[in-house]
Amino acid sequence: MATTAGPALTSLSHGAGCGCKLSAAEIAPIVSALPAIDDPRLIVGSATADDAGVVRVRDDLALVQTVDFFTPIVDDPYDFGRIAAANALSDVYAMGGEPVTALNLVAFPLERLGGGVLREILRGGGDVVRAAGALLVGGHSIDDPEPKYGLAVTGTVHPDEVLTNAGGRAGDALVLTKPLGVGAISTALKRGRDDAAGLLARAVDVMTMLNADAARAARAAGAHGMTDVTGFGLLGHLRELATASGVAAEVHADLVPAIAGVEALLRDGDAVSGGSRRNRAHAETFARFADDVPEWRRRLVCDATTSGGLLVALAPERAGDVPGAVVGRLVEGAAGTIRVVRG
């Protein structure tokens with residue numbers, strides 16, 4: 001819902017949603033050069049590029065902590081708030097946890113856009129936090145010419161039930177719980193393509209869907225490893241899971257779900273964002289595409305997604321217990337390498 005006659009939110013954004021993230025190729029060597037933390041309380045830190053940190057506070061309780069924020073991917077401020085909140089909460093679900101509290105993170109040009117727009121962003125975020133059963137307990141704001149919004153989230157999990165991206169096993173099926181293509185839709189809209197306008201509602205539905213039910217199903221199905229798919233695309237996040245798990249992976253491109261209508265956008269390069277192009281360039285260093293994989297599907301598996309689904313590694317016989325599509329499997333091989341075939 002529009003609340004002012006000011007500029008569209010996305011017109012103030014240099015990159016849409018998770019597409020504004022620093023590339024995996026650029027950030028990994030910087031983070032890996034930081035001092036390692038050696039503390040018995042730390043269950044999951046930054047070493048495996050997982051979705052959140054996990055710290056043991058009691059024998060039966062661990063805290064899951066994460067932070068995520070980004071620039072607008074849609075112009076509706078209420079939807080922007082909902083999307084950003086669902087995206088931040090997803091990191092807790094990806095670790096097998098349940099969110100408990102959240103803090104707003106706001107960077108905003110208040111004088112230019114007005115309080116009404118910010119109020120709608122915060123209302124959207126708050127509604128999603130409440131839907132997740134968590135409490136929004138405060139936040140922090142700064143003045144910034146480019147709007148940004150997200151959450152710092154704290155969740156809980158039993159220390160013996162943490163799901164990381166390092167638990168995958170050769171032979172595991174890979175289930176993706178949401179379709180891809182959000183990045184293509186948002187990029188096409190930003191570039192004025194008329195054929196993308198009708199796809200916006202579908203993209204918003206995907207981005208605002210909480211990963212809570214899928215995560216609970218994955219836990220009940222005995223998932224070995226899990227991550228969510230966001231700005232680095234399916235291949236980028238699968239690489240992190242496969243690397244941490246010490247295995248290779250195979251993706252069946254024809255089985256990767258796409259939002260209805262995205263194929264037409266990806267058949268030419270106009271709907272490929274800068275973030276997706278960086279993902280593709282990085283993927284070329286660790287992934288091998290079979291010659292018969294269509295170009296639009298190569299673009300799809302590198303699409304810089306915002307608030308995407310979970311990628312679950314589990315025994316093949318339990319794959320049907322997780323809502324989503326079986327898109328590949330983990331295999332023996334050089335850790336972090338991926339083969340993309342037709343399927």
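**Helix packing and sheet architecture**

The crossing of helices α5 and α6 is left-handed. A crossing has this hand if the near helix is turned anticlockwise from the far one by less than a right angle, and is right-handed if clockwise. Helices (H or I, at least four residues) and strands (E, at least two) are DSSP runs, numbered from the N terminus. The model is predicted: local features need pLDDT of at least 70, side-chain atom pairs count only at pLDDT 80 or more, and totals for chains, interfaces and linings use all residues. Residues are numbered from 1 along each chain as its sequence is written, and side-chain values use heavy atoms, with hydrogens and water left out.

Helix α5 spans residues 182-190 and helix α6 residues 200-208. Their axes come within 10 Å and cross at roughly 140°. Axes are lines fitted to C-alpha atoms, for helices over the stretch in contact, and angles run from 0 to 180 degrees between N-to-C directions. The two helices are therefore oblique to each other. Angles under 35 degrees count as roughly parallel, over 145 as roughly antiparallel, 65 to 115 as roughly perpendicular and the rest as oblique. On the α5 side, the contact (heavy atoms within 4.5 Å) is made by Val182, Ile185 and Leu189. Leu200, Ala203, Val206 and Met207 contribute from α6. By class, the contact has seven nonpolar, no polar and no charged residues. Here Ala, Val, Leu, Ile, Met, Phe, Trp, Tyr, Cys and Pro count as nonpolar, Asp, Glu, Lys and Arg as charged, and the others, Gly among them, as polar.

An open sheet of six strands follows the order β1-β2-β3-β6-β4-β5, with mixed pairing. Two strands pair if DSSP finds at least two bridges between them. Strands β1 (42-44) and β5 (135-143) form the edges, each pairing on one side only. Neighbouring strands are turned by 25° against each other on average, direction ignored. Within this sheet, β3 (residues 61-70) and β6 (residues 148-157) run antiparallel and are joined by nine bridges. Leucine 63 stands opposite threonine 156 in β6.

Leucine 61 also belongs to β3. Its C-alpha lies 4.9 Å from that of histidine 158, although 97 residues separate the two in sequence. Beyond its neighbours within four places in sequence, leucine 61 is in contact with Arg56, Thr156, Val157 and Pro159.

Rings of Phe, Tyr and Trp (its six-membered ring) pair if their centres lie within 6.5 Å; planes under 30 degrees apart count as stacked, over 60 as edge-to-face and the rest as tilted. By this rule there are two aromatic pairs. One of them joins phenylalanine 70 and phenylalanine 80; this pair is tilted, at 6.2 Å centre to centre and 40° between the planes. Phenylalanine 70 lies in β3 and phenylalanine 80 in helix α2 (residues 77-94), so the pair ties together parts ten residues apart in sequence.

An open sheet of seven strands has the order β8-β11-β7-β12-β9-β13-β10, again with mixed pairing. Its edge strands are β8 (225-228) and β10 (287-289), each paired on one side only. The twist averages 20° from one strand to the next. Helix α8 (residues 233-245) packs on this sheet, touching β7 (173-176), β8, β9, β10, β11 (310-314), β12 and β13 (338-341). The direction of α8 makes about 150° with that of β8.

Strand β9 (residues 248-252) runs antiparallel to β12 (residues 325-331), with four bridges between them. Alanine 248 has valine 331 as its bridge partner in β12. Four bridges also join β9 to β13, and these strands run parallel. Here alanine 249 stands opposite isoleucine 338. Strands β10 and β13 run parallel, joined by three bridges. Alanine 287 stands opposite isoleucine 338 in β13.
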